[in-house]
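Colleague: Mind going through this one with me? I'd like to hear the reasoning behind each answer.

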Amino acid sequence: MFKEVAGLTNHLAPVEGGAHALAVWDGSWNSYNNCYILATEDGVILIDAGKAEHGEALVQALADLGRKPEEVKLFLATHRHADHIGASDHFHCPKLMHPDDWQRLGPERQAQFAPALTEGEPVEGFDCVLLGQHTEGSVALFHRPTRSLYSGDHVCFFGVPVAPGRLISGGAAERDMARKFVREFAQNTDLRETWNFPAFVAGLVKMQRFDASRAAFCEPTHVSGPGLCPASPLAASGDIQLTRMSWHPHKSGKPTGL
């Protein structure tokens, strides 16, 4: 589904397991931002929300799915950055974040979020694992009922367009890109030191603990596959389903997703 909202071209696509992926066009990045909508019988759970100006697109996506903003019962943030929590202001529900990111918010944002997204404490069927590399409190969220893994910006690509009908894809090309991303990061001494490559790899290893059949990576990707994190050099080959989300260039020279 493609729709113009407030001048943005957005993509909304169903993902197996009852979730929908929303890619919102961001002209400032000349690319996309992403969030996920999990509609249940007793309400809606949002994972990330995009920037504040993306709120209208998210509300429209809910309407397209026959849901209302007041049906959102829970908001989960993969990390504290404004391009992931900005539009959460549109929803009046419990909003959770890892404590290591919550403590770095300003007072106003702290009042809106609870530092209650931690390892060992499942929330609405989601297990949390601290990745702690993209931000100090960045997390991956594993939804046990659908075996779906959401990892925020831990792995991210940029400069790849989303073609009509390709928001959800087979994923073979994206798996190759993920391996290339990891390989080039590993071989660049400056980037390894600047962006804490050991923590990045440790995060990949942590995510492999989950028997995920689907995994949403970064601003770009929703991948689903046979258990292993597709971004890992150890990942097995096989069919994966991937949502190509938010491929935005990073102006600082830092690898996108770190």
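Colleague: Leaving aside neighbours within four places in sequence, which residues is leucine 58 in contact with?

Modeller: Keep in mind that this is a predicted model. Contact here takes heavy atoms within 4.5 Å. Skip the neighbours within four places in sequence, and the list for leucine 58 is Leu22, Cys35, Ile37, Leu46, Ala49 and Phe91.

Colleague: Which members of the largest nonpolar core touch the most other members?

Modeller: That core holds 22 residues. Leu58 shows up again among the best-connected ones, and the full set is Ile37, Leu46, Leu58 and Phe75.

Colleague: And which element gives the most to this core?

Modeller: Two or more residues each come from strand E3 (19-26), strand E4 (31-40), strand E5 (43-47), helix H1 (55-64) and strand E6 (72-76). With four residues, the top contributor is H1.

Colleague: How many residues are in the other core?

Modeller: This core lies apart from the 22-residue one. Among its members are Ile47, Leu96, Phe126 and Leu141. Its size is 19 residues.

Colleague: Back to the helix: is glutamate 56 buried, partly exposed or exposed?

Modeller: Glutamate 56 sits in helix H1. Its relative accessible area is 47%. Buried would need under 20% and exposed over 50%, so with 47% glutamate 56 is partly exposed.

Colleague: What separates the C-alpha atoms of glutamate 56 and histidine 90?

Modeller: Along the chain, glutamate 56 and histidine 90 are 34 residues apart. In space, their C-alpha atoms are separated by 8.6 Å.

Colleague: On to strand E8: how many of its residues are buried?

Modeller: E8 spans residues 126-130. Take one side and you get Phe126, Cys128 and Leu130, all buried; take the other and Asp127 and Val129 are buried too. With both faces covered, the count is five of five.

Colleague: Which residue is the bridge partner of leucine 130?

Modeller: E8 pairs with strand E9 (residues 139-143) in the antiparallel sense, over five bridges. Leucine 130 has its partner in E9, and that partner is valine 139.

Colleague: Zooming out, what share of the contacts with a separation of 6 or more comes from residues 24 or more positions apart?

Modeller: For context, the protein's secondary structure comes to seven helices and 14 strands. Of the contacts with a separation of 6 or more, the share from residues 24 or more positions apart is 57%.

Colleague: Last one: what part of the exposed area do carbon and sulfur atoms supply?

Modeller: Of the 258 residues, 57% count as buried. The protein exposes about 10500 Å², and the carbon and sulfur part of that is 54%.

How values were computed
Residues numbered from 1 in each chain as written. Predicted model: local features only at pLDDT ≥ 70, side-chain atom pairs only at ≥ 80, totals over all residues. Heavy atoms only, no water. Core = buried A, V, L, I, M, F, W, Y, C linked by side-chain atoms within 4.5 Å. Buried < 20%, exposed > 50% of the residue type's maximum accessible area, 1.4 Å probe, protein only. Areas by Shrake-Rupley, 256 points an atom, 1.4 Å probe, with all protein chains shown as cover. Pairing = 2+ DSSP bridges.
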